[in-house]
Amino acid sequence: MVVSILLIIMGFALLIVSADILVNGASGIAKRFHIPEIIIGLTIVSIGTSMPELFVSITSALEGHSDMAIGNIVGSNLCNLLLILGLSAIIKPVVFQKETRLFEIPMCLFFTIILMVFCNLGNNISRIEAIILLLLFIFFIGYTIFMGKKESKNKIDEVDVNENQKNSILKNSILIILGIIGLKIGGDLTVNNAVNVANFFNISEKIISLTILAVGTSLPELVTSVTAAIKGNSDIAIGNIIGSNIFNILLIIGVSAVINPITYNLTYNFDLSVLLLSTVILALFPFIPPKNKMSRANGFIYVLIYVAYLVVLF
């Protein structure tokens with residue numbers, strides 16, 4: 001059993017390192033073709049931090065562990081919102097920009113409702129519903145690119161000849177391939193050994209996916225948001241969380257269910273309800289004192305909700 005736990009830790013490490021390698025390779029190729037830095041950040045890098053969840057959920061869906069496929073996403077979103085954003089606000093109050101409070105948080109709430117509706121229609125997520133989620137994901141990517149261009153005032157980053165030479169297509173293609181291989185191996189190690197641990201301790205796959213897998217695959221978001229909070233970059237801290245939660249719902253559930261429709265366990269309605277309530281609270285934070293800001297007190301409230309949720313879960 002100790003071996004399985006060590007292999008889970010190795011799997012998490014491999015997922016995080018491989019996601020970083022994949023992002024570097026993809027960013028290198030994007031720069032090679034003069035794609036603006038802002039667009040790279042809003043798409044490739046943001047999706048890159050969700051790669052651990054993607055490969056864990058796909059592996060779970062392919063191997064018939066539906067509880068883990070859906071639990072990993074719901075658990076990761078709860079961890080992102082309540083624990084990571086809560087800690088970020090405790091470190092330094094998070095300021096809500098106009099676009100965040102009027103568009104991005106409401107979109108996250110809307111997509112969470114859509115997921116809950118789809119899950120409870122026939123107790124599964126079908127391929128048709130998965131395609132709808134992926135179409136919504138394309139819409140969201142379009143939105144982020146539009147907002148990125150607007151914020152950068154259409155400023156195109158200059159890429160000099162020397163940088164182009166360094167960013168060779170062959171080198172970055174190899175990085176992408178290595179990243180994908182590493183993510184696949186890391187996903188297999190994590191899921192297979194998480195199942196072993198669940199069986200050994202007679203714990204349900206649902207509990208494992210909502211806790212161990214969820215926190216483990218949220219490590220990139222944790223590092224990014226907490227570091228941003230320490231540096232006072234509120235936009236990055238909350239943008240990373242909101243973006244990751246939307247990617248998890250639309251891209252990861254969408255891709256996983258297209259590959260293999262996901263059977264939904266109705267007991268997840270409690271966890272989805274907590275996620276929905278937490279998102280509603282987030283949508284209210286900008287409109288209650290202190291306005292347009294998530295205070296340290298709000299951060300403590302979020303962390304306490306997460307602790308209470310874990311206590312109820314166990």
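Begin by selecting Phe140 and Phe247: both are buried, a term that denotes under 20% relative accessible area, with exposed over 50% and partly exposed in between, for a 1.4 Å probe and protein chains only. The model is predicted, so local features need pLDDT of at least 70 and side-chain atom pairs count only at pLDDT 80 or more, while totals for chains, interfaces and linings use all residues. Residues are numbered from 1 along each chain as its sequence is written, and side-chain values use heavy atoms, with hydrogens and water left out.

**The aromatic pairs**

Keep Phe140 and Phe247 in view. Their ring centres lie 5.8 Å apart and their planes stand at 80 degrees, so the pair is edge-to-face. Rings of Phe, Tyr and Trp (its six-membered ring) pair if their centres lie within 6.5 Å; planes under 30 degrees apart count as stacked, over 60 as edge-to-face and the rest as tilted. This pair links distant parts of the chain, as Phe140 belongs to helix H6 (residues 127–151) and Phe247 to helix H11 (residues 234–259), 107 residues apart. Helices (H or I, at least four residues) are DSSP runs numbered from the N terminus.

Add Phe137 and Tyr143 to the selection: with Phe140 and Phe247 they form one aromatic cluster.

Next, select Phe200 and Phe201, whose ring centres are 5.0 Å apart with planes at 85 degrees, so this pair is also edge-to-face. Phe200 is exposed, with a relative accessible area of 54%, and Phe201 is partly exposed at 45%.

**The nonpolar core**

Now select Ile70, Leu85, Leu250, Leu282 and Met294. These residues have the most contacts inside the largest nonpolar core, which has 79 residues. Such a core is a set of buried Ala, Val, Leu, Ile, Met, Phe, Trp, Tyr and Cys residues joined through side-chain atoms within 4.5 Å. Helix H4 (residues 66–91) supplies its largest share, 12 residues.

Centre the view on Leu250. Residues up to four places away in sequence aside, Leu250 touches Phe111, Leu133, Leu134, Leu136, Phe137 and Phe140; contact means heavy atoms within 4.5 Å.

**Ser66 in helix H4**

Move to Ser66, which is found in helix H4. Ser66 is buried, with a relative accessible area of 16%. Beyond its neighbours within four places in sequence, Ser66 is in contact with Ser60, Ile262 and Thr263.

**Helix H5 and its end**

Finally, select Glu104 and Pro106. A kink of about 30 degrees lies at Glu104 in H5, shortly before the proline Pro106; the bend at a residue is the angle between axes fitted to the seven residues ending there and the seven starting there. Just after H5, Gly122 takes a positive phi of about 80 degrees.

Technical notes
Helix = DSSP H or I, 4+ residues; strand = E, 2+ residues; numbered from the N terminus.
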